[in-house]
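I opened my notebook for a slow look through one structure. Come along and check each entry against the picture.

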Amino acid sequence: DHASVLFLSKLVCAGVHGDSVTVLQAPEFVSFQKGEWPISGEKIPDLVALTMGFSVQEDLSWPGLQAGPLFQRPRANVLVVVRGVDSLALPQSVASYQLENPVPFTLDSVAETVHSLFAEDTPVVLQLAPSEERLYMLGKANAVFEDLPVTLQQIRARLSQDGSVLASLPLNSLSRNAEADLLFLSEVQVLHDITALLQRHRHLAKDHSPDLYSLELSGLEELSRRYGQDSPQYRDATAILASVLQKFGEDVYGLYGNSAVVEVVTVKSFETPLTRKSRSILQSSQSNADNPYNLAYKYNFNYSVIFNIVLWLMIALALAVIAIAYNLWNMDPGYDSIIYRMTNQKIRMD
């Protein structure tokens, strides 16, 4: 009846209830199917890897993503994790799914794949959590993001400069002096600065190497802890973040020539805390401070292939050297060598 249709329409507009994964932007060749197919939080890295055309160790038996063309892959994948809210009223999206088992995750495996396959190019691999001042970068594109504010002190200084988001955002109940409010506004500023840097360095979005962005925002979580979820500060911040994320997804999608996937993961709270060491912006190798126990590097699945190639090549070369040495030892200089062939003729004449 009319009442049930109206209720369903309101439910669709509000999005998926509970923790959710929303695909803001995606090219036509990356086929996300609309439906009620929940996905586990630990499978998010596999989902990102598959959208970028990389293989995963275990098959992702999830009908929300269908296989696309083999030789057509997106140029970038942008994943934004928003903590402190289970859903956002995003105006437009491709699809939205419920998130089950919201365990903390990282895109380290996808980042290492991008860096290993496209080490000679300039892939952008950026993983950033402003609230924890945590930055993780790889590749030659690091120099472009050197000016990106990382620490809260740098971001707050950026808020006081010209062109900051404070001049364009409707702050309403949010304050410029409260710590929790400034944390939220600093994260919004980081989103703005990332798109501004990409607009100034458009060559990064036009090369052949795929880019990876992973951003973790916890400003809403701090506002909820400070003021409560029923406070006007929390409601205003939720509306601002939904609008900013929508524009952020559209800007990134356009900068990459409509060939980028933008996902937003909203999590009320993770089941277990996520701890991770920070890395310097220009750090290229692991230092002794990061590895005090001199642990071995992470296992590479190509190790067995390379080991077999080297092993059998060395065996073949050893057998070849033995065979050559045996034939040289048993060689008759008079019959088998051109140098000493005249010796036989002189013996016969004598």
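**Entry 1: around helix α7.** I began with what the buried residues of α7 touch: they pack against β5, α5 (179–200), β9 and α8 (232–255). This is a predicted model, so I read everything here as computed. Helix α7 covers residues 219–227, and its buried residues are Gly219, Leu220, Glu221, Leu223 and Ser224. Just past the end of α7, I found Gly228 with a positive phi of about 100°.

**Entry 2: strand β5.** Since β5 was among the partners of α7, I went there next. Is this strand buried or exposed? I checked residues 76–83, and 8 of the 8 are buried, so β5 is largely enclosed by the rest of the structure. Then I looked at which way the side chains go. In a regular strand they alternate between the two faces of the sheet. In β5, Ala76, Val78, Val80 and Val82 point one way. Asn77, Leu79, Val81 and Arg83 point the other way, and both sets are buried.

**Entry 3: the neighbours of β5.** Which strands pair with β5? One is β9 (residues 211–217), joined to β5 in the parallel sense over 7 bridges. Here I found Val81 opposite Glu216 of β9. Another is β10 (residues 260–267), which also runs parallel to β5, with 8 bridges. On that side, Asn77 stands opposite Val261 of β10.

**Entry 4: the cores.** I looked up the largest nonpolar core and counted 55 residues in it. Val82 of β5 and Leu220 of α7 are listed with Leu126, Phe145 and Phe184 as having the most contacts inside this core. A second, separate core has 34 residues, including Val30, Ile44, Met52 and Leu60.

**Entry 5: out on the surface.** Next I looked for nonpolar side chains on the outside. I found a patch of about 730 Å², made by Tyr303, Phe307, Leu311, Trp312, Ile315, Leu319 and Ile322. I picked Ile322, which sits in helix α9 (residues 303–329). Why does Ile322 count as exposed? Its relative accessibility is 56%, and the cut-off for exposed is over 50%.

**Entry 6: the whole chain.** Last, I stepped back. The protein chain has 11 helices and 10 strands. Of its 350 residues, 44% count as buried. The chain exposes about 20100 Å², with carbon and sulfur atoms supplying 56% of that area. Among contacts with a separation of 6 or more, 77% come from residues 24 or more positions apart.

Methods
Residues are numbered from 1 along each chain as its sequence is written. This is a predicted model: local features need pLDDT of at least 70, side-chain atom pairs count only at pLDDT 80 or more; totals for chains, interfaces and linings use all residues. Side-chain values use heavy atoms; hydrogens and water are left out. Patches are made of residues with over 30% relative accessible area and no salt bridge: like charges are joined within 9 Å, nonpolar side chains (Val, Leu, Ile, Met, Phe, Trp, Tyr) within 5 Å. Accessible areas come from the Shrake-Rupley method with a 1.4 Å probe; for residues, only the protein chains shown count as cover. A salt bridge is a side-chain nitrogen of Lys or Arg within 4 Å of a carboxyl oxygen of Asp or Glu. Helices (H or I, at least four residues) and strands (E, at least two) are DSSP runs, numbered from the N terminus. Buried means under 20% relative accessible area, exposed over 50%, partly exposed in between (1.4 Å probe, protein chains only). Two strands pair if DSSP finds at least two bridges between them. A nonpolar core is a set of buried Ala, Val, Leu, Ile, Met, Phe, Trp, Tyr and Cys residues joined through side-chain atoms within 4.5 Å. Contact means heavy atoms within 4.5 Å.
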